[in-house]
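User: I'd like to learn how to read ring contacts and pockets in a protein model. Could you walk me through them?

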Amino acid sequence: MSTYSPEVDERLRREAAQIIARYPEGHERSALLPMLHLVQSQDGYVSANGIALCAEILDLSRAEVSAVATFYSQYKRHPNGEYTVGVCTNALCAVMGGDGIYKALSEHLGIEHDETTEDKKITLEAVECNAACDYAPVVMVNWEFFDNQTPSSAIKLVDDIRAGRDVKPTRGPDKVATFKEVSRTLAGFEDGLVDQGPSAGEASLVGLKIASERGWGVPAEPAPTSKEEEAGK
């Protein structure tokens, strides 16, 4: 049994029921991933309370829930900062300066990978890939993109966060939401921000622009041969 307060317990169960209702009957356990984000939006990490609640509602063992929660890096097993700052240190970003950005932030904040500042504002991560190589080096704050960063711009970014100033990503909403707020969105509850900001930048659309200018498109499928038609029958 979870030990949330009655009010919190009732709300989480009601919202978990909304998540479960998205899945076909007999496949309720498929709701576990968004439910883990739901409890993370309450506690700031996947707590023992959250694991117990998910296990009870979905008729799973706590070990089964924990096995999932420890597999995916977006689920935190200890209290996370209000903002997760992830610096891409994969090949291209590293070559373009990502390693230097991570080192500068680590020294500036006084923390290493998966550690949190004393004010609980920032958890620092060295990320394997942010999937934004066209804007390397990239930093993400609660999974929102900050493109073409430098050590000095990244330091200003974390200083703004710690000072309580809103930070605006290069692409996405007008300001970065907190870790708990983003976790709730990942659980499948709309935040109303989907239409804010550009979803793709100029560098990402260059190939599409060139294809359009040159009249390129998807090659037409060749007509099937008689043998292929026979095989299809």
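User: Let's start with the aromatic rings. How many aromatic pairs does the structure hold?

Analyst: Three aromatic pairs. Keep in mind that this is a predicted model. To read a pair, look at the distance between the ring centres and the angle between the planes; over 60 degrees counts as edge-to-face. Take tyrosine 72 and tyrosine 75: their planes stand at 85° with the centres 6.2 Å apart, so this pair is edge-to-face.

User: Are tyrosine 72 and tyrosine 75 buried or exposed?

Analyst: Here you read the relative accessible area, where buried means under 20%. Tyrosine 75 has 7%, so it is buried. Tyrosine 72 has 40% and is partly exposed. Both tyrosines also belong to one aromatic cluster, together with Phe71.

User: What about tryptophan 143 and phenylalanine 179?

Analyst: Those two rings form a tilted pair, with 40° between the planes and 5.8 Å from centre to centre. Tryptophan 143 sits in the loop between strand E4 (139-141) and E5, while phenylalanine 179 is in helix H8, so the pair ties together parts 36 residues apart in sequence. Phenylalanine 179 is buried, at 2% relative accessibility, whereas tryptophan 143, at 25%, is partly exposed.

User: Which charged end sits over the ring of phenylalanine 189?

Analyst: For this, check how far the charge is from the ring centre. The charged end of arginine 184 sits over that ring, 4.4 Å from its centre. Arginine 22 also lies over the face of phenylalanine 189, at 5.4 Å from the ring centre.

User: Now the pockets. How do I find empty space?

Analyst: Roll a probe the size of a water molecule over the atoms, and you see where empty space is left. In this model, the largest pocket has a volume of about 470 Å³. It is lined by 22 residues, and the closest to its centre are Glu144, Gly172, Pro173, Asp191 and Leu193.

User: Which element gives the largest share of that lining?

Analyst: H8 does, with four residues. Strand E5 (144-146) also supplies at least two. Sorted by class, the lining has nine nonpolar, seven polar and six charged residues.

User: And what is the volume of the second largest pocket?

Analyst: About 320 Å³. Its lining has 18 residues, with Ser73, Gln74, Lys76, Glu125 and Val127 nearest the centre. Strand E3 (122-127) and strand E1 (83-88) each supply at least two lining residues, and E3 gives the most, with three. By class, you'll find eight polar, six nonpolar and four charged residues in this lining.

Terms used. Residues numbered from 1 in each chain as written. Predicted model: local features only at pLDDT ≥ 70, side-chain atom pairs only at ≥ 80, totals over all residues. Heavy atoms only, no water. 1 Å grid on protein atoms, 1.4 Å probe; cavity = no way out; pocket = protein on both sides within 12 Å on 5 of 7 lines; lining within 4 Å. Points joined across faces, edges and corners; volume = space filled by probe spheres on them. Nonpolar A, V, L, I, M, F, W, Y, C, P; charged D, E, K, R; others polar. Phe/Tyr/Trp six-rings, centres within 6.5 Å; stacked < 30°, edge-to-face > 60°. Buried < 20%, exposed > 50% of the residue type's maximum accessible area, 1.4 Å probe, protein only. Lys NZ or Arg CZ within 6 Å of the ring centre and 35° of its normal.
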